[in-house]
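Here is a note for a colleague who is meeting this structure for the first time. It takes up the interior first and the pockets afterwards.

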Amino acid sequence: METLVFIWNNAASIASMLVDHLLLVLAGVGCAIVTGVALGIVITLNERLARVVLYAAAMLMTIPSIALFGLLIPVLSLIGQGIGFLPAAIALFLYAQLPIVRNTYAAIRNLDPALREAANGMGMTAWQRLYRVEMPIAVPIIMAGVRMAVVMNIGIAAIATYIGAGGLGRLISRGISQSDPRQLIAGAVIVALLAILADLGLGALQWHLTPEGMRPRQARFFWRRNATRWQSPTVATPVSSPAEGR
């Protein structure tokens, strides 16, 4: 109850931290989607390059987040950006690479060869085949990687407060330093709820981006049933009884 009172009394400052948190995650993951999807497509053309890129991305994931933040401080200090938003966004960008690159690579690499042959038989160029055939089929797997990257980075962004990036991690760090369980619980709960809501929202986006024929059967049935339910009711035609007919 005390935590709820604390959140209510500090709603304005918590909302500001939430906006900072969201901007940090959007900056890191947004750039990672652009580069990760492009890189995942490129490495499908060269198996050796794919192994190198995927191993390098996996090695980045093994670096503890606080250590990566610390490694970026002296590098970016050369341009006067050793702490704050920029190093945190770069760290989130690097952490988001592996799930996006790996899922893009796996989705396109494991595509049925018969579909490529059919596209080639129709006279499509490589770019047309990628845009019209391969990418629509790969969207569900790519979006799964994006969802993983977003949920993971929402949690990592909370640690970025220790390099002056702000965000919801300020509540957690203050709760630890001041031995205040209200701030600690409030920060942890809000970060967890944000991750859950982000995953649900991206899941809905993934469903809409997936071609209708590839959507799960139960989901298609659910949406069609609700669409039928939401339609305006039709006027039933009365049926006369046999007695009335005679």
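1. A good place to begin is I154, which touches H21, V25, V191, L194, A195 and A198 when residues up to four places away in sequence are not counted. Please keep in mind while reading that this is a predicted model.

2. I154 also belongs to the largest nonpolar core, a group of 45 residues in which L24, F69, A88, I100, V150 and I154 touch the most other members. Helices α2, α4 (65-76), α5 (85-95), α6, α8 and α10 each supply at least two residues of this core, and the largest share, 12 residues, comes from α8. Apart from this core lies another one, of 6 residues, with V53, L54, V101 and Y105 among them.

3. Which residues does N103 touch, if those up to four places away in sequence are not counted? N103, which is found in helix α6, touches I141, I142, A144 and G145, and its side chain reaches the backbone oxygen of I141 at 2.9 Å. With a relative accessible area of 12%, N103 counts as buried, because buried means under 20%.

4. Turning to the open spaces, the largest pocket holds about 320 Å³ of space. This pocket is lined by 13 residues, of which I41, T44, L45, L130 and E134 are the closest to its centre. At least two lining residues come from each of α2 (11-43), α6 (97-109) and α8 (126-157), and α8 gives the most, with 5 residues. By class, the lining of the largest pocket has 8 nonpolar, 1 polar and 4 charged residues.

5. The second largest pocket has a volume of about 160 Å³, and its lining is made up of L22, V25, L26, V29, G30, I33, V146, V150, I154, A198 and L202. The elements that give two or more residues to this lining are α2, α8 and α10 (181-209), with the largest share, 6 residues, coming from α2. The lining of the second largest pocket divides into 10 nonpolar residues, 1 polar residue and no charged ones.

6. It is worth returning to I154 with these points in hand. I154 is listed in the lining of the second largest pocket, as are V25 and A198, and both V25 and A198 are also among the residues that I154 touches. V150, which like I154 is one of the core residues that touch the most other members, lines the second largest pocket as well.

Conventions: Residues numbered from 1 in each chain as written. Predicted model: local features only at pLDDT ≥ 70, side-chain atom pairs only at ≥ 80, totals over all residues. Heavy atoms only, no water. 1 Å grid on protein atoms, 1.4 Å probe; cavity = no way out; pocket = protein on both sides within 12 Å on 5 of 7 lines; lining within 4 Å. Points joined across faces, edges and corners; volume = space filled by probe spheres on them. Helix = DSSP H or I, 4+ residues; strand = E, 2+ residues; numbered from the N terminus. Nonpolar A, V, L, I, M, F, W, Y, C, P; charged D, E, K, R; others polar. Core = buried A, V, L, I, M, F, W, Y, C linked by side-chain atoms within 4.5 Å. Buried < 20%, exposed > 50% of the residue type's maximum accessible area, 1.4 Å probe, protein only. Contact = heavy atoms within 4.5 Å. Polar contact = N/O pair within 3.5 Å; in protein donor to acceptor, adjacent residues only side chain to side chain.
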